[in-house]
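Work through three short exercises on the structure below. Try each task before reading its solution.

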Amino acid sequence: MEITISNGTYSTQVPSGYLAADVTQIGYTKNDETVYYVDSSTDQAERVAELIEKAGAGETVEITVTDGDLTLTNIGSTVADVHITNESSGTVSVNNTALGNETVSFHVLTKTKAEDATCTEDGNIEYWTCSVCGKYFSDADGTTEITDPSSLTLSASGHSYGDPVFTWAEDYSTATAAFTCDEGDDTVTENCTVTSKTTTAATCTTAGEIVYTASVTFEGQTYTEAQTVAVPAAGHDWETEYTLDKAATCTTEVSQSIHCKNCDEVKDSHVIPATGHSYGEAVFTWAEDGKSAVVGFTCETCGDIQSVIAAITSEVKTAATETEAGVTVYTATVTFNGVEYTATKELADIPATGTSADTTPTASPANKAPTTGDESSPILWALLLTVCAAALCGALTLSRKGKEK
């Protein structure tokens, strides 16, 4: 009797000679246990899809086609490890691909979502990883493999800092520069080097100007910022004592004022009258005959000289005698600056009268003078000359009489 099997479930493989025509036998292995199913090609295709769908995460599903034909479509699992092996001489296709005597495995894909790279952390593209073969794919169906794993990674870009924001101390003596990443995820603050330059000096009455410059080097580039600051006028700093604005003279009035220590400004000016000359003693210069005199006055301060012609009076102090000359006293008087000055000069300028007739000895004929017009005795003339010389050696006395008006 011939036995023909057209369907059923068996713990061992049914020999091909017992199988009905147009049936398909498959083996299903799970957890190292194999069960064999005999059924039509259509029912077997549904059974395979059901078995794969029921497989749990991480389970391994092995399908072996031992006999007949089998067409499988939309086969695959996102959780189980599926392997289909063709050992049949019939026609077997999986997902529209003819399968020879070989084994095809289906990817179990896990999605990795895309992550943007940051300045400091790497990111990645969107991709799927197969837990069965360890390959990477760019699509959920596992059709486009990514052969370069490094292409999955988006490298960190590093910080890209913009221009700094400078912050100044209130007195502009220090400054900082803050550099913020364009992504806004990091800020670096650096201390600056500050220099200053006076472009316009302040005066007592006008404001000045100082330019402060902050400089900082960051990532190989130097950044600067300048601040122009007004310097208030300083105001006058006055001396405590008066200063003569020009030297005093005897004839010119002067002024004195309080001076600013820092500029040419003055205040509280007032005039000091000229002091006037301070003349010293009168100096009389006489003519030789005593008939005139000039009086000089010299200022003891400035050296100014004033000359005044004196008024001259005279009187006989000693009358001339026969043998002696008479003496005349000359008086010079001058009034200067309200003060009267006098000086006297004595001169023996009155000739002696000579010998009288009744006392003159009568000349003897032997002594009679020649009649040449010179009737004098040589001895007598010598005597008279001696007397005159003595008179000329008389003392000159000067006196001053001062009367103030």
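The exercises below concern a predicted model.

**Exercise 1. Place Thr 29 and decide: buried or exposed?**

Solution.
- Start with the location. Thr 29 sits in strand S2, residues 24–30.
- Next, accessibility. Its relative accessibility is 17%. Buried means under 20%, so Thr 29 counts as buried.
- Now the neighbours. Leaving out residues up to four places away in sequence, Thr 29 touches Thr 34, Thr 60, Val 61 and Glu 62.
- Finally, polar contacts. The side chains of Thr 29 and Thr 34 are joined by one of 2.6 Å.

**Exercise 2. Work out which strands stand at the edges of the sheet S19-S20-S21.**

Solution.
- Read the order. Three strands form an open sheet, S19-S20-S21, with antiparallel pairing.
- Find the edges. S19 (193–200) and S21 (221–231) each have a single partner strand, so one side of each lacks a neighbour in the sheet.
- Add the twist. From one strand to the next, it averages 20°.
- Check one pairing. S19 and S20 (residues 208–218) run antiparallel and are joined by seven bridges. Within S20, Ala 214 is the bridge partner of Val 194.

**Exercise 3. Describe the surroundings of Asp 139. Which residues does it touch?**

Solution.
- Locate the residue. Asp 139 is in the loop between strand S13 (136–137) and strand S14 (145–146).
- Classify it. At 16% relative accessibility, Asp 139 is buried.
- List contacts, again without residues up to four places away in sequence. Asp 139 touches Leu 109, Trp 128 and Thr 144.
- Look at Thr 144. Its backbone nitrogen lies 2.8 Å from a polar side-chain atom of Asp 139.
- Compare positions. Tyr 127 is twelve residues from Asp 139 along the chain, and their C-alpha atoms are separated by 6.7 Å.

Conventions:
Residues are numbered from 1 along each chain as its sequence is written. This is a predicted model: local features need pLDDT of at least 70, side-chain atom pairs count only at pLDDT 80 or more; totals for chains, interfaces and linings use all residues. Side-chain values use heavy atoms; hydrogens and water are left out. Helices (H or I, at least four residues) and strands (E, at least two) are DSSP runs, numbered from the N terminus. Buried means under 20% relative accessible area, exposed over 50%, partly exposed in between (1.4 Å probe, protein chains only). A polar contact is a pair of N or O atoms within 3.5 Å; within protein, one must be able to donate a hydrogen and the other to accept it, and residues adjacent in sequence count only if both atoms are side-chain atoms. Contact means heavy atoms within 4.5 Å. Two strands pair if DSSP finds at least two bridges between them. Axes are lines fitted to C-alpha atoms, for helices over the stretch in contact, and angles run from 0 to 180 degrees between N-to-C directions.
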